[in-house]
Amino acid sequence: MNYRKFGKTGRTVSDVGFGAWAIGGAWGDVSEADARAALHAALDNGTTFIDTADVYGDGRSEKIIADVMKERGGERPFIATKAGRRLDPHVSEGYNKQNLTAFVERSLQNLATDCLDLVQLHCPPTEVFYRPDVFEVMEDMVTAGKIRNYGVSVEKVEEGLKAIEYPGVASVQIIYNIFRQRPSGLFFREAKAKNVGVIVRVPLASGLLTGKMTKDTAFAADDHRAFNRNGEAFDKGETFAGVPFDVALEAVEEIRRLVPENITMAQFALRWILMEESVGVVIPGAKNAAQAAANAAASDVAPLPPEVIGELRNIYEHRIAPHVHHLW
């Protein structure tokens, strides 16, 4: 496992982290035993960054993480959580001191700690990024010792660019993968210049970039890949990176020929992300120990040659970009 400095937090973290959405919910059935085993496997393989949220399984993900930390003892990894999506309706006005404080207090309890490493505003409405009062609330919680750092999770590049205008924002979580390449332009340059930690989510495009899916792949009713393909529950860019399923499957077949024989397509896709030096950590999810261990191993995959990077860019520009580039 390799490690990188994580922006202005002063921490160094594994470049491959653990995304804990799947062990919370909305990815089909994941037993608690498998969830615990996946998290243990990630940590056993050198992972020191865990990303979760208060809405993943309505706190289930946070609680499983806390239990595993108690079992293992010793130094805790860097644990990031998120707040805001518990709002119903999910509107800008809900991002106020009373609600955000309540969300943080609940996460403190769920994660069994007295101070959270990082709290991210969880893909709030765009208007929130233009409200300095929201970021002042987060700053006050740092002063109060409830959180060490705060950041944002965004849907759009423009939201990330606005967020990093606030000097206290330590991190931005954004979708970036072979099918979503827009952040590699202006956003990454600006984030690096301002020493903001970049967390990459949806690195495998909801599993498409594992190369294991076909047009006949079926998903459970409680899996967002079944119920959110057109953004019925939340932003459609979170599901298959917003790429039409049939278009993505054709592109995957073009990518497959570029993958070296000694690694999986998932590891190849993760290594592509890590070629970007502005990325602090990538957070693939895992439903079991084998997936978690395989994800961690991507950190040690050899760098991809320039000609392969070029071919992937060509696939993106011709097949994928018309469907996603202008939207996020």
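In the predicted model, the axes of helix α1 (residues 32-44) and helix α2 (residues 60-72) come within 10 Å of each other and cross at roughly 55°. This angle makes α1 oblique to α2, and the crossing of α1 past α2 is right-handed. On the α1 side, the contact is formed by Glu 32, Ala 35, Arg 36, Leu 39, His 40, Leu 43 and Asp 44. On the α2 side, the contributing residues are Arg 60, Ile 64, Ile 65, Asp 67, Val 68, Met 69, Glu 71 and Arg 72. The residues of this contact comprise seven nonpolar, one polar and seven charged.

A second helix pair is formed by α3 (residues 97-110) and α4 (residues 132-143), whose axes likewise come within 10 Å and cross at roughly 40°. Helices α3 and α4 are therefore oblique to each other, and α3 passes α4 in a right-handed crossing. In this pair, Lys 97, Leu 100, Thr 101 and Val 104 of α3 meet Val 134, Val 137, Met 138 and Met 141 of α4. By class, six residues of the α3 contact with α4 are nonpolar, one is polar and one is charged.

Two backbone features were identified in loops that flank α3. The peptide bond between Asp 88 and Pro 89 is cis, with omega about 10°; Pro 89 is placed in the loop between β5 (78-83) and α3. In the loop between α3 and β6 (118-122) lies Ala 112, a residue other than glycine whose phi is positive, near 55°. Most residues other than glycine have a negative phi, and most peptide bonds are trans.

Empty space was examined next. Rolling a probe the size of a water molecule over the atoms shows where such space is left. The second largest pocket holds about 210 Å³ of space. Its lining consists of 14 residues, of which Thr 47, Thr 48, Glu 75, Arg 76 and Pro 77 are the closest to the pocket centre. Strand β2 (12-14) and helix α2 each supply at least two residues of this lining. The lining of the second largest pocket divides by class into five nonpolar, five polar and four charged residues.

As for enclosed space, two cavities of 30 Å³ or more were counted. The largest cavity contains about 60 Å³ of space. Its lining is made up of Val 157, Ile 175, Arg 180, Gln 181, Arg 182, Pro 183, Tyr 316, Val 324, His 325 and Trp 328. Six of the residues lining the largest cavity are nonpolar, two are polar and two are charged.

The second largest cavity has a volume of about 40 Å³. Val 16, Gly 17, Phe 18, Ala 42, Thr 47, Pro 284, Ala 286, Ala 292, Asn 295 and Ala 296 form its lining. Helix α10 (residues 289-297) makes the greatest contribution to this lining, with three residues. By class, the lining of the second largest cavity has seven nonpolar and three polar residues, and no charged residues. Thr 47 is thus named both among the residues closest to the centre of the second largest pocket and in the lining of the second largest cavity.

Methods: Residues numbered from 1 in each chain as written. Predicted model: local features only at pLDDT ≥ 70, side-chain atom pairs only at ≥ 80, totals over all residues. Heavy atoms only, no water. Axes fitted to C-alpha atoms, helices over the stretch in contact; angles between N-to-C directions. Helix = DSSP H or I, 4+ residues; strand = E, 2+ residues; numbered from the N terminus. Parallel < 35°, antiparallel > 145°, perpendicular 65-115°, else oblique. Left-handed = near helix turned anticlockwise from the far one by under 90°. Contact = heavy atoms within 4.5 Å. Nonpolar A, V, L, I, M, F, W, Y, C, P; charged D, E, K, R; others polar. 1 Å grid on protein atoms, 1.4 Å probe; cavity = no way out; pocket = protein on both sides within 12 Å on 5 of 7 lines; lining within 4 Å. Points joined across faces, edges and corners; volume = space filled by probe spheres on them.
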